[in-house]
Amino acid sequence: MLQVLLSGLSIGAVYGLVAMAFAVVFYVTRVINFATGQLLMVAIMLTAGLSKAGLPDWLSISVGLTASTAAGVVIYFVAVRPVLRFDRFSFAWLVSTLGVAIVLQSAAAIIYGPTSQGFPKLLNRDNLVIGGASITLQELLAIIVAVVAVVGFEIFRRRTLFGKVGMAISSDPEMASAIGARVTAYAVAAFAIGGLLAGAAGVLIGPITYANPYLGDTYGITGFVALMIGGIERPAAAMGGGLVLGVLSVGANTFIGSQASDWFPFVVVVVVLLLAPHGLFASGDALKRLASGIGRRTATLKGAN
Amino acid sequence: MSTFLARQSPRSRRVTIGMVVLLVAYLASTFGVANGSYGTQSLVLVAAIFAILALSLDLVAGVTGLYSLGHAGLFALGAYSTTLLNSKFGWNLFLLLPLSIAGVGIVGLVLGFLSLRVSGLYFAITTFIFTLVVVVLLSDFSFTGGLQGIAGPVFPDFPPGLAFLGSSVAWCVGLSLLVTIVIIWSIRSSPLYPVLLAIRDAEPFAAAAGVRTSVMKVGIFGLSASLAGLAGWAFSFLGFISPGQFSWTVSVNILVMVILGGINTRLGPIIGAAFVSAFPVVVSIDPFLQEVIFGLIFVVVIVFFPQGFMGLVGSLARRIRARFRPTAVVVEAVEDDASTPIAYAHLAPQEAVSTTRALPAVDEVALAAKNIVFGYNRGVLALNNVDMVVKRGNIHGLIGPNGSGKSTLVNLMSGRMSPNSGTITADGVRIERLRAPARARRGVMRTFQSAVLVRELTAQENVGIGLYSRFPGIAARSPIWPLLMGARRDSRAIAQKSIAALTSVGLSSGWATTRVADVPHGVEQLTQLAAACIAEPSILILDEPLAGLSSGEVEQVSEILRGLKRAGVTVIVVEHQTRFIFEMCDEVTVLAAGELVTTGTAADVRANERVREVYLGQ
Amino acid sequence: MQALDIAGLSAGYGRYDVIHDISLRVERGEAVALLGPNGAGKTTVLRAIMGMIKQRRGQISVLGTDVSRMPVHLIARGHVALVPEGRRLFLDQSVEDNLRLGGLHLRRDHERTERLLESVFELFPVVERYRSRPATALSGGEQQMVAIGRMMMSDPDLMLLDEPSLGLAPLAIEDMAQALITLRERGRSILLVEQRVDLALQVCDRIYVLSGGRIVEEGNSENVNADGRALIDAYLG
Amino acid sequence: MKRIFLAASIVAVSALALTACASGGSGSTSAGTILIGGIAGTTGAYGSTGQAVVNGTQMAIDEINAKGGVIGKKLKFEAHDDGASATTSSQLFNKLVSEGAIAIVGSPDTGPTTASLSSQKKIPVIGAVDDGGLTVYPDGPDKPPFPYAFSTSLNTFAWGGAVADYALKNCKGLAVLHDPSSYGLGGLAGIKLVFDAKGKKLALEDAITENWSTGATVGLKSEIDKITASGADCVDVWLTPQDQASFVQEAKSLGANFTFLGNDETSADSTFSDLAKDQADGMISALLSTEVHPTDALKTFQTKYKAKFNKDSTPFAELSYDAIYMLKQAIEKGKSTNAQSLQNQLNSITDYDGLTGKLTFTEQQHTTINKDQLTLVKFSTTSKSWEPLG
């Protein structure tokens with residue numbers, strides 16, 4: 001049980017970081033960056049490539065993270081800003097960010113070849129046994145990074161002036177600019193943070209998955225599902241969704257059967273969406289809202305008769 | 001044929017000829033493809049199937065504003081049910097056609113019903129999850145062939161006598177696409193199209209016109225789903241089906257096709273489908289480079305032409321037309337008008353609105369709100385125990401300072417909201433729990449403070465939305481609208497009545513054909529008034545009809561109100577301009593801070609001390 | 001140098017102009033009211049000054065600087081602040097956070113920020129009492145005070161107010177009028193959009209009357225009070 | 001109105017264009033060449049296999065053409081990337097057939113599609129048809145194969161059988177982790193065939209859904225406990241090389257003392273050994289006996305291949321090369337490129353002496369490689385190579 005929880009949390013932390021990368025961008029710009037998975041891939045590929053070329057691991061990792069951060073910013077300027085300038089409410093960014101995803105992925109395949117490459121082992125060799133459950137240091141690191149990311153982000157959001165400006169932009173971008181906030185700068189920052197979070201997820205998962213240009217698809221989609229479970233409105237909720245997804249997948253695998261990890265999380269997602277359409281952690285108390293929702297519906301039904 | 005054509009007007013004759021030419025060309029090209037090489041066939045047929053999907057998605061996404069990512073899942077259901085029921089149970093393929101259309105349609109209705117509890121992005125997400133679940137189920141069960149998939153059924157060849165027609169599958173797919181095009185284009189040319197756009201852009205307006213918007217949305221999603229089922233049915237004959245062909249990326253790709261081709265256009269989804277599905281097969285260069293270029297095209301097209309290929313074509317066409325006929329550009333003409341006063345048609349107040357329902361019995365009560373209590377979420381009460389009784393055939397004013405609860409009361413009377421307690425009766429019937437469309441059908445119509453109209457439609461089309469509840473079966477008939485004689489007659493009737501209604505509110509025919517996005521505020525307000533009057537309401541509620549009107553236009557509205565009164569319509573007017581209210585109204589109700597101050601004749605109200613206090617701020 | 005000088009401004013949404021050829025000015029330390037019926041284009045004028053809509057023709061200068069093509073946030077940093085229609089507080093944040101966000105570009109000047117915060121609390125003691133509450137928990141009148149406070153926090157030279165009396169109880173309106181008069185006495189320039197003529201006349205030195213997107217009348221408050229009463233009545237019934 | 005005419009003319013023009021294409025397409029191969037189509041995923045994570053297939057085929061065709069072709073005609077090879085998409089693969093299949101291809105080579109990644117289309121369109125599919133096994137025998141090893149699918153490819157049944165033989169001799173219990181596609185199920189079927197014949201049972205069989213393009217399956221760790229609980233001491237990891245490497249590393253770092261067995265992909269190229277590094281030591285797989293003890297012909301081929309493509313040859317290149325020569329033989333014997341004739345002739349090839357061994361097709365046997373042609377091997381980190389077992 002503890003093993004399930006630990007393994008689930010460690011992989012959930014990676015899903016959660018990708019989900020958070022989606023959510024931070026969405027929080028500020030109301031855009032879903034469909035190339036988020038590919039940002040993860042960029043960090044993995046660069047880290048692997050540089051490490052193979054003989055650079056020390058820490059340097060490869062920092063270059064990888066810097067690159068995914070920068071790539072996030074580039075996506076904003078190339079694929080998102082021009083679209084939003086034309087029409088703030090269009091969904092056209094869906095096509096353009098998807099286009100960037102295809103370009104990044106294929107470019108990586110051209111540069112590195114389509115097969116998997118080795119990734120520095122980092123802390124993956126060292127094991128820790130907690131109460132009969134074992135966890136590698138790398139997995140522990142993933143959980144720690146996730147906690148730091150979510151706590152750090154929340155502190156930044158609620159306690160610093162910059163974070164509060166971000167909240168203001170999220171709720172009313174026009175009014176925020178009317179108090180002097182540079183909305184564009186914040187959008188750039190959001191895409192950068194998104195790139196950094198996705199890159200961090202990549203570095204954390206790399207030792208298990210190795211480096212492959214097509215990893216972006218795999219993790220983009222799981223991160224997106226985690227986002228759905230948690231709720232898209234708040235980055236912290238997205239991380240929650242990732243952790244829930246991780247524990248559910250590992251739990252389903254252990255208690256139901258190996259293939260249950262494919263469908264069980266989706267059953268949960270469906271139930272979640274039916275009960276709390278805006279995600280599990282969207283606003284404090286989903287159950288309370290559910291109860292009042294049912295009450296309201298019965299009231300209107302009665303009214304209709 | 002010739003006599004049939006002779007009976008038509010020159011314009012509709014040209015349209016009919018055009019349609020026939022188009023149909024013949026379509027069938028000829030289907031013939032060409034059916035007799036073409038396998039290579040051409042598989043290329044065109046896959047593109048055609050995606051065109052069906054893209055068209056059906058455009059109906060929900062582009063027209064109705066519901067961005068569905070569930071179409072790959074629905075597509076999969078159609079393809080798999082056809083394949084499995086045929087190969088495992090031997091069901092006839094032609095029996096499976098209606099079955100998969102209806103079956104997937106029903107799944108769509110259920111999915112739509114569940115998903116529509118949330119809107120916008122969350123609708124996309126819920127339907128997205130649906131696709132994920134379908135694909136996971138298809139891959140994990142062994143009777144579906146698991147991950148590796150299953151060979152589709154073989155479509156029977158033509159009998160020898162018809163062998164010259166070529167490949168039967170090509171005809172099957174070609175005709176499926178043709179049916180889809182007919183349905184989608186028919187809806188686009190039917191009076192349902194403006195209604196759907198109104199649901200997308202101006203839902204309160206649609207509801208106030210008597211459209212049950214949520215039922216309509218679920219219904220349209222169901223129709224779109226059944227077209228996806230049709231696509232799935234046809235797709236199963238192309239060879240091989242496996243879960244990977246219906247993954248979420250396919251859902252996204254269909255949306256990409258729609259956006260890339262041009263959302264909410266006739267040809268855009270078809271062009272987008274052809275491009276996206278054919279590109280990887282047709283362009284044979286280094287495969288990785290090809291992928292890179294594919295992605296770049298997405299970005300470049302969307303960044304430079306956010307409205308897709310059709311947007312590009314449209315702007316080119318406008319430029320060319322402008323070069324040859326620079327004076328004929330409508331937009332410029334309108335902008336010229338902007339600086340001059342609105343050109344009103346000759347006023348004919350006595351014909352303003354003919355109503356058959358209202359009975360001129362002045363003492364009878366038309367609408368009565370009693371003991372109304374209403375509060376927004378746990379806040380202060382917006383209305384506290386308010387009474388308002390409106391006599392039949394009267395013009396009844398409702399005034400009060402900002403924030404006094406006038407708009408709230410109007411919303412309660414028109415059905416946008418229901419009171420916490422208290423009763424509202426119209427013509428003696430309790431209506432306080434009815435939704436807006438049901439009240440509209442009972443003859444209670446309203447306008448909105450700031451006009452909410454569909455900006456991309458013309459004034460005339462917007463006014464036509466008001467007639468939705470007066471022509472039965474618009475929704476049911478819309479998929480084959482142009483083919484129905486009665487429907488075409490109705491279209492003409494709706495157009496004529498709309499123009500007449502616009503004329504009756506004093507707008508000349510020039511405005512009728514101008515997009516609302518391009519008309520000045522006053523015209524928009526009057527258009528809204530026309531849309532409410534056209535359905536011949538017995539009770540008409542006007543929420544600040546004068547907002548933003550010039551003095552000439554105010555006189556115009558007065559004239560219209562007098563016409564309505566003559567026709568026996570009961571009118572409730574909320575307005576700030578008290579001079580107008582006192583001049584026009586038989587009775588006036590005054591609200592302040594959510595409470596009733598007084599009701600009485602203009603003179604009574606003017607003389608009332610408390611009114612002076614609270615309202616005039618003295 | 002005027003606080004605000006607008007010359008020949010035409011602006012609107014989409015293809016269509018809402019306001020046509022507007023020219024108006026606000027001297028430094030002057031309070032000016034923009035009156036007119038609903039939909040006359042008053043809000044559009046304020047939004048155009050703030051850079052929130054693109055204007056098609058004309059020029060807007062604030063304190064001698066041309067802001068016609070400037071992005072919104074730079075205009076806001078150039079000593080202009082807006083109390084928008086409907087207040088538009090950041091509802092998920094506390095009252096104090098809302099106020100401090102108003103002083104965003106003074107964030108390095110802690111002393112000044114604290115001083116401004118004090119002056120807001122001094123003007124609206126009720127706001128100080130609720131400083132740590134979320135903005136949603138406040139009544140309409142209290143929210144309006146927070147919105148005005150938020151505007152004051154940037155220490156602006158030019159204050160734009162869009163119907164600040166909307167939804168307020170008569171007593172609250174009186175308080176607010178007093179607050180505006182105090183601000184004007186402190187040398188701030190004010191452009192007030194208001195439907196309540198009495199309030200506008202009480203606070204402002206001069207008025208402009210807007211109708212159908214054009215300025216149809218301008219004058220001093222005294223003149224209007226004396227013989228312009230009829231004019232106002234003509235507009236407001 | 002104008003728009004309608006515009007649309008009509010667009011449709012009409014494209015109709016004409018398409019008909020023109022159609023008439024141009026079919027006659028193109030009659031001018032003294034024989035077209036052989038190729039479908040292989042040359043992009044994607046699995047792309048290197050596709051490239052090997054295309055290269056090997058091309059080499060055979062170039063050689064044959066250099067020696068004057070077949071029955072007086074030159075061979076022409078036209079290969080396309082299917083991007084591992086079944087839809088694209090069916091489109092390409094139809095396209096190639098319509099251009100007059102007499103047979104299709106491949107596809108190594110969408111084999112189920114090409115194999116089932118081959119029997120629908122009655123056109124032979126040869127060479128690397130996925131990894132043989134269930135792709136060619138859709139209903140199981142003891143049922144008839146697709147009549148037009150002739151796989152010279154590595155065969156999951158064969159590898160499964162070889163691994164099972166090893167396990168029966170050396171293991172107390174065997175656990176199998178397999179992916180649920182025809183690849184993993186084929187391996188499982190091969191293993192079970194051997195176990196069933198001896199009346200033995202597997203200690204554990206678990207299907208793991210993995211992303212075939214990247215591997216990158218993360219739930220593998222929890223399998224380790226299940227395997228320990230089942231009492232198995234040997235694990236056959238029938239997954240992608242990436243996942244094999246990842247699993248072996250995890251298991252070893254957790255101190256699990258299993259004997260690890262692989263599949264045909266494990267030793268096909270260096271992906272597994274590169275990724276697993278030190279932990280690859282002791283991994284058991286099987287290689288074609290011809291790989292372990294190369295013939296002179298194979299050595300020559302490998303040298304030429306390396307010279308031409310600057311890459312080491314893989315079995316996928318070699319078996320595709322063999323497939324073309326077997327096709328050549330079938331054409332020459334039947335003196336026809338007619339599909340029916342090709343089918344008959346291919347079915348009667350016995351003991352063809354190819355790079356991958358003595359190859360035979362019969363009506364029941366549509367895979368050339370069976371477990372008797374395999375040699376069990378073990379990876380040694382000291383020699384960095386697969387060494388034959390005892």
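# Notebook: backbone oddities, cysteines and the A–D interface

I started in the loop between H1 and helix H2 (36-52) of chain A, where A:Arg30 sits. This is a predicted model, and I kept that in mind throughout. What caught my eye was the backbone: A:Arg30 has a positive phi of about 60 degrees without being a glycine. I noted it since most residues other than glycine have a negative phi. I also looked up exposure, and A:Arg30 comes out as partly exposed, at a relative accessible area of 34%.

I found another case of this kind in chain D. D:Asp351 is not a glycine either, and its phi is near 50 degrees, again positive. I placed D:Asp351 in the loop between helix H14 (339-347) and strand E11 (352-354) of chain D. Its relative accessible area is 48%, so I put D:Asp351 down as partly exposed.

**Cysteines**

Next I asked myself how many disulfides there are over all chains. The count is one. The partners are D:Cys171 and D:Cys234, and I get 1.8 Å between their sulfur atoms. The angle about the S-S bond is -85 degrees, which I logged as a left-handed link.

What does the pair tie together? I traced D:Cys171 to the loop between helix H5 (156-170) and strand E6 (174-178) of chain D, and D:Cys234 to strand E8 (residues 234-238) of chain D, so the bond joins parts that are 63 residues apart in sequence. On exposure, D:Cys171 is buried with a relative accessible area of 15%, and D:Cys234 is buried too, at 1%.

I then turned to chain B and wondered why B:Cys585 is not bonded to B:Cys533. The closest cysteine sulfur to that of B:Cys585 is in B:Cys533, but it is 15 Å away and therefore too far for a bond. B:Cys585 is buried, at 8% relative accessibility. I also checked B:Cys172, which counts as buried at 8% relative accessibility.

**Where chain A meets chain D**

I pulled the contacts here: 31 residues of chain A touch 32 residues of chain D. The buried area between the two chains is about 2,400 Å², and carbon and sulfur atoms give 49% of that. In chain A, the residues that lose the most area to chain D are A:Ile208, A:Tyr210 and A:Ser258, and together they make up 21% of what that side buries.

I looked for salt bridges between chain A and chain D and got a count of zero. For polar contacts between these chains, I have five residue pairs, both residues at pLDDT 80 or more.

Which elements give two or more residues to the chain A side? I listed helix H1 (2-29), strand E2 (133-136), helix H8 (183-209), helix H9 (215-230) and helix H10 (235-255) of chain A. H8(A) gives the most, with four residues. By class, I sorted the chain A side into eleven nonpolar, 16 polar and four charged residues.

**A look at A:Leu273**

My last stop was A:Leu273, in helix H11 (residues 260-275) of chain A. Is A:Leu273 buried or exposed? I have it as buried, at 8% relative accessibility. Leaving out residues up to four places away in sequence, I found that A:Leu273 touches A:Met228 along with B:Arg117, B:Ile125, B:Thr126 and B:Ile129. I also took a distance to A:Val247: A:Leu273 is 26 residues from it in sequence and 18 Å from it in space, C-alpha to C-alpha.

Definitions and conventions: Residues numbered from 1 in each chain as written. Chains lettered and ligands numbered in written order. Predicted model: local features only at pLDDT ≥ 70, side-chain atom pairs only at ≥ 80, totals over all residues. Heavy atoms only, no water. Disulfide = S-S within 2.5 Å. Buried < 20%, exposed > 50% of the residue type's maximum accessible area, 1.4 Å probe, protein only. Contact = heavy atoms within 4.5 Å. Buried area = accessible area lost by both parts, 1.4 Å probe. Salt bridge = Lys/Arg side-chain N within 4 Å of Asp/Glu carboxyl O. Polar contact = N/O pair within 3.5 Å; in protein donor to acceptor, adjacent residues only side chain to side chain. Nonpolar A, V, L, I, M, F, W, Y, C, P; charged D, E, K, R; others polar.
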